[in-house]
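Hi everyone, thanks for coming. I'd like to take a few minutes to walk you through how two chains meet, and then we'll look at a pocket.

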Protein chains: 2
Amino acid sequence: MPKIEFWCDLASPYSHLSAMRIDALAAARDIAVDWHPFLLGPIFAEQGFKTSPFNLYPAKGAYLWRDLERLSARERAGFRRPEPFPQNSILAARVALALDAADRGRFIQGVFRVQFCDGQKIDDKAALGVLLDALSLPRTALEAAQSDAVKARLRAETDEAKARGIFGAPFFVTSDRELFWGNDRLVEALDWAIGRY
Amino acid sequence: MPKIEFWCDLASPYSHLSAMRIDALAAARDIAVDWHPFLLGPIFAEQGFKTSPFNLYPAKGAYLWRDLERLSARERAGFRRPEPFPQNSILAARVALALDAADRGRFIQGVFRVQFCDGQKIDDKAALGVLLDALSLPRTALEAAQSDAVKARLRAETDEAKARGIFGAPFFVTSDRELFWGNDRLVEALDWAIGRY
């Protein structure tokens, strides 16, 4: 079965749009999705950015929020601008990595939904506990998320993202290491994975 | 007849891809294309960029060149990486503005083609003269391009781009002032212009 890696920071608005679409699009092509949460912060910092490009350049930020509003309306996805933006995604990413790989995508989709549709903060342990319960996922992931092993794994994933040439989110990576950046490239990435680009 | 404004810097590789596609896509929707060459340099400078984002961030640059190669192959458009990149687009933009509006698009398409398909430099008066001849456009545009009026017009267009919130290229602007950024938004922009988004 062909595979696609979905690399995302859990505070990334365009990753939200892809996370909500990828299951059906991948299933239609018999592609398995391999979810890779990582942290954009250290990668932005190496590019000299102290925060998200949304915040660094006012004209770009204004455009991107409007673009997200238009896209979300078209996809009939809810959309609220998180306050503050970006949210701190470290805890949520660690919880995602503490879960079984088979449950990871469902949790990540939940984190995006509560953040961008319901306007909830995602750096709050109690809120993530409620989300785990709602998804019938083990609350033990909250404790495991604080372990040295999981912390090290998130650092390793972030290093791996950087080594792959990932500089934003979302990124899709095919088995032959072809990179596709952005929600706008989701379908192309999946088509590439099955040789139909 | 609905109208779309196509804002581009004549050294912008993604603008090349849109310039080659926009005539047929707009004609199919009975939309008139209004070509607006401007200069990205001063707008990038205000964001603190000394050169193109292609050059500022190595991982991003490597990705974007690969993305352009893939897209060009799919569109069956030629693709060569200009040397140096970005080309100096001031003279070509002035010549475009010196031409009649009805001829502007054809000249801009020619500038992109010789630059990104044939690997020619676009800051050379002689080369632009050859291009004008090949397109049966008046060589007098080369002299007019050096006039104070045309120089002032290019500055005014660049100021107008900035005032509209344009921070990259290409940008498409509809009559109701909706902004669409990038070759990836060309079809959406045209659909918006006829109320079909």
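**Where the chains meet**

So, chain A and chain B bury about 2300 Å² between them, with 54% of that on carbon and sulfur atoms. Do keep in mind that this is a predicted model. On the chain A side, the residues losing the most area to chain B are A:Tyr63, A:Arg70 and A:Arg185, which together make up 26% of what that side buries. The contact draws on 24 residues from chain A and 24 residues from chain B.

Now for the charges. How many salt bridges are there between chain A and chain B? The count is ten. One of them pairs A:Asp184 with B:Arg185, whose closest N and O atoms sit 2.9 Å apart. There are also twelve residue pairs in polar contact between the two chains, both partners being at pLDDT 80 or more.

Which parts of chain A touch chain B? Helix 4 (58-74), strand 4 (179-181) and helix 10 (186-193) each supply at least two residues. Helix 4 of chain A gives the largest share, nine residues. Sorted by class, that side of chain A has 13 nonpolar, two polar and nine charged residues.

Let's move on to the pocket. The second largest pocket holds about 350 Å³ of space. Its lining has 20 residues, and nearest its centre lie A:Asp184, A:Glu188, B:Asp184, B:Arg185 and B:Glu188. Helix 4 and helix 10 of chain A, along with helix 4 (58-74) and helix 10 (186-193) of chain B, each give two or more residues to that lining. By class, the lining of this pocket has twelve charged, six nonpolar and two polar residues.

Happy to take questions!

Technical notes: Residues are numbered from 1 along each chain as its sequence is written. Chains are lettered from A and ligands numbered from 1 in the order in which they are written. This is a predicted model: local features need pLDDT of at least 70, side-chain atom pairs count only at pLDDT 80 or more; totals for chains, interfaces and linings use all residues. Side-chain values use heavy atoms; hydrogens and water are left out. Contact means heavy atoms within 4.5 Å. Buried area is the accessible area (1.4 Å probe) that two parts lose on being put together, summed over both. A salt bridge is a side-chain nitrogen of Lys or Arg within 4 Å of a carboxyl oxygen of Asp or Glu. A polar contact is a pair of N or O atoms within 3.5 Å; within protein, one must be able to donate a hydrogen and the other to accept it, and residues adjacent in sequence count only if both atoms are side-chain atoms. Helices (H or I, at least four residues) and strands (E, at least two) are DSSP runs, numbered from the N terminus. Ala, Val, Leu, Ile, Met, Phe, Trp, Tyr, Cys and Pro count as nonpolar, Asp, Glu, Lys and Arg as charged, and the others, Gly among them, as polar. On a 1 Å grid over the protein atoms alone, a cavity is a set of points where a 1.4 Å probe fits but cannot get out, and a pocket is an open set with protein on both sides within 12 Å along at least five of seven lines; lining residues have an atom within 4 Å of a point. Grid points are joined across faces, edges and corners, and a volume is the space filled by probe spheres set on the points.
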